[in-house]
Amino acid sequence: MRTQTLAKTGAATLATAVVGGLASRPAQSLWYARLRKPSFQPPRQAFPIVWPLLYADIAAVSATTIDTLNEQSRNDEASKYSALLALNLVLNGGWSWLFFNRRQLGASAVAAAALTVSSADLTRRAVRTNGAPAGVLGLYPLWCAFATALSTRIWMLNR
């Protein structure tokens, strides 16, 4: 893997983490505390463990995928993957703003579903390019699917 590509994907995921983290600060607010939450809501401590691992996974697998595509002279596919990764990270960071800052529970559930689809597509493309080792990215759409179920249930409980 070229260091330059990993630096770029790492910077992009770090920026997403910072944007999402800033938006998530209201998670400690009275509004959030008063929301009805489902029984499968993870403890608050789970999120700062899961997300950094997922962001590292996204950065590493994406860098490897982009480099492999470029090395195989599949530059158009590398560019498309990069654009889809950028869209995915916008959806990722945008969810926190919709949920915590805008308090748009329905819109955040829809955004989580879009993020799940986007994450699954990135995983499919990575596995098609790099085989089974890229399958570790599959943890990302699984977590996003869980987040979609969680967001949807919170929305339904608080209508």
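In this short talk I will go through the overall fold of a predicted model, then its salt bridges, a nonpolar surface patch and one buried threonine.

Let me start with the whole chain. The secondary structure comes to six helices and zero strands, so that, reading from the N terminus, the elements run α-α-α-α-α-α. Along its principal axes, the C-alpha trace spans about 55 × 25 × 25 Å. The radius of gyration is 16 Å, and this agrees with the value near 15 Å that a compact globule of 159 residues would have. Of those 159 residues, 42% count as buried, and the accessible surface comes to about 8,500 Å², with 64% of that area belonging to carbon and sulfur atoms. As for the contacts, if we take those between residues at least 6 apart in sequence, 78% of them join residues at least 24 apart.

Now to the charged side chains. In general, side chains of opposite charge can pair when their charged atoms come close. How many salt bridges does the structure hold? There are four, and I will describe some of them, beginning with helix 5, which covers residues 105–130.

Within helix 5, D121 takes part in two of the pairings I want to show: with R124, where the closest N and O atoms are 2.7 Å apart, and with R125, where the corresponding distance is 2.8 Å. R124 and D121 are three residues apart in the helix, which is about one turn, while D121 and R125 are four residues apart, again described as about one turn. Are D121 and R125 buried or exposed? Both of them are buried, whereas R124, with a relative accessible area of 41%, is partly exposed, because that value falls between the limits of 20% and 50%.

Elsewhere, E77 forms a salt bridge with R74, and here the closest N and O atoms lie 2.9 Å apart. E77 has a relative accessibility of 33% and therefore counts as partly exposed, and R74, at 23%, is likewise placed in the partly exposed class. This pair does not stand alone, in that R74, E77 and R128 are linked in a network of salt bridges.

Let me turn next to the surface. A nonpolar patch is formed there by L14, V18, V19, L22 and W97, which together have about 450 Å² of accessible area. Which helix gives the largest share of this patch? It is helix 1, made up of residues 3–23, and it contributes four residues. One patch member that lies in helix 1 is V19, and since its relative accessibility is 38%, V19 counts as partly exposed.

Finally, I would like to look at T65, which has its place in helix 3, residues 47–71. With a relative accessible area of 0%, T65 is buried, because that class takes in residues under 20%. What does the side chain of T65 reach? It comes to 2.8 Å from the backbone oxygen of V61. Leaving aside residues up to four places away in sequence, T65 touches Y81, R125, A126, T129 and N130. One of these contacts, R125, brings us back to helix 5, where R125 is the residue found four places from D121 and joined to D121 by a salt bridge.

Methods: Residues are numbered from 1 along each chain as its sequence is written. This is a predicted model: local features need pLDDT of at least 70, side-chain atom pairs count only at pLDDT 80 or more; totals for chains, interfaces and linings use all residues. Side-chain values use heavy atoms; hydrogens and water are left out. A salt bridge is a side-chain nitrogen of Lys or Arg within 4 Å of a carboxyl oxygen of Asp or Glu. Buried means under 20% relative accessible area, exposed over 50%, partly exposed in between (1.4 Å probe, protein chains only). Helices (H or I, at least four residues) and strands (E, at least two) are DSSP runs, numbered from the N terminus. Patches are made of residues with over 30% relative accessible area and no salt bridge: like charges are joined within 9 Å, nonpolar side chains (Val, Leu, Ile, Met, Phe, Trp, Tyr) within 5 Å. Accessible areas come from the Shrake-Rupley method with a 1.4 Å probe; for residues, only the protein chains shown count as cover. A polar contact is a pair of N or O atoms within 3.5 Å; within protein, one must be able to donate a hydrogen and the other to accept it, and residues adjacent in sequence count only if both atoms are side-chain atoms. Contact means heavy atoms within 4.5 Å. The radius of gyration is taken over C-alpha atoms; the globule rule is 2.2 Å times the number of residues to the power 0.38.
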